[in-house]
Amino acid sequence: AGGGLLVSSYKIDHNCRARDPAGDNAAGIALLKQAVKLGEVFSAAARTHETVEFAAHKGAGMADSSALDGKAGPLKAMLTAVSGMVDTESLTAAEADAKGKNVSAGDEKVPHSTDPIIAIAAKGGLGVVAGQSLQLA
């Protein structure tokens, strides 16, 4: 998954009249927005009660920092990563959009992660079974 991988059970239209972009992850983005808001609320509650803030919101090693983005906590960085929009005209422009963490939609943009992540979004849950071992990396 060097460029990222999206595993989703949400339906996309793909027929001879219309095709949704392959990287469309609207449902997953909506779920992650809820997680970001929950992290913000739980972290604020912890701060109010003078205890440890929620690391997934604030950052584990340093405030407002994560492995994905040195300027955003883990949940916010993940939201940015799954919300990426890249150019359709050239590979070079698309790579620049991803590197610049572009999340702005446009006529010549399609959904694509800004970082090489494995995003899993499933209706009603996702079951993963492995006979020997399973590694998602």
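These entries record what I looked up in a predicted model.

**Entry 1. Nonpolar core**

I began with the largest nonpolar core and found that nine residues form it: Ile29, Leu32, Val36, Leu75, Leu79, Ala81, Val82, Ile117 and Ala119. I then asked which elements give two or more residues to this core. They are α1, spanning 26-48, and α3, spanning 74-82. The largest share comes from α3, with four residues.

I next took isoleucine 29, one of the core residues, and listed its contacts beyond the neighbours within four places in sequence. Isoleucine 29 is in contact with Leu79, Val82 and Ser83. Of these partners, Leu79 and Val82 are listed in the core as well.

**Entry 2. Salt bridges**

How many salt bridges does the structure hold? I counted five, and I noted three of them in detail, among them the pair of glutamate 40 and lysine 37.

Glutamate 40 and lysine 37 meet through their side chains at 3.4 Å, N to O. I checked their placement: both lie in helix α1, and because they are three residues apart there, about one helical turn separates them. Glutamate 40 is partly exposed at 34% relative accessibility, and lysine 37 is also partly exposed, at 48%.

Arginine 47 pairs with glutamate 53, with an N to O distance of 2.8 Å. I read a relative accessibility of 46% for arginine 47, which counts as partly exposed. Glutamate 53 counts as partly exposed too, at 23%; the cut-off for buried is under 20%.

Aspartate 13 and lysine 11 form a further salt bridge, at 3.5 Å from N to O. Here I found aspartate 13 partly exposed, with 36% relative accessibility, whereas lysine 11 is exposed, with a relative accessible area of 69%.

I add one general remark: side chains of opposite charge can pair when their charged atoms come close.

**Entry 3. Positive phi outside glycine**

I looked at the backbone of glutamate 50 and found a positive phi of about 55 degrees, although this residue is not a glycine. Where is glutamate 50 placed? I located glutamate 50 in the loop between α1 and α2, the latter covering 55-58. Glutamate 50 is exposed, at 75% relative accessibility.

Aspartate 64 also has a positive phi, near 55 degrees, and is a residue other than glycine. I placed aspartate 64 in the loop between α2 and α3. Is aspartate 64 exposed or partly exposed? At 40% relative accessibility, I recorded aspartate 64 as partly exposed.

Methods. Residues are numbered from 1 along each chain as its sequence is written. This is a predicted model: local features need pLDDT of at least 70, side-chain atom pairs count only at pLDDT 80 or more; totals for chains, interfaces and linings use all residues. Side-chain values use heavy atoms; hydrogens and water are left out. A nonpolar core is a set of buried Ala, Val, Leu, Ile, Met, Phe, Trp, Tyr and Cys residues joined through side-chain atoms within 4.5 Å. Buried means under 20% relative accessible area, exposed over 50%, partly exposed in between (1.4 Å probe, protein chains only). Contact means heavy atoms within 4.5 Å. A salt bridge is a side-chain nitrogen of Lys or Arg within 4 Å of a carboxyl oxygen of Asp or Glu.
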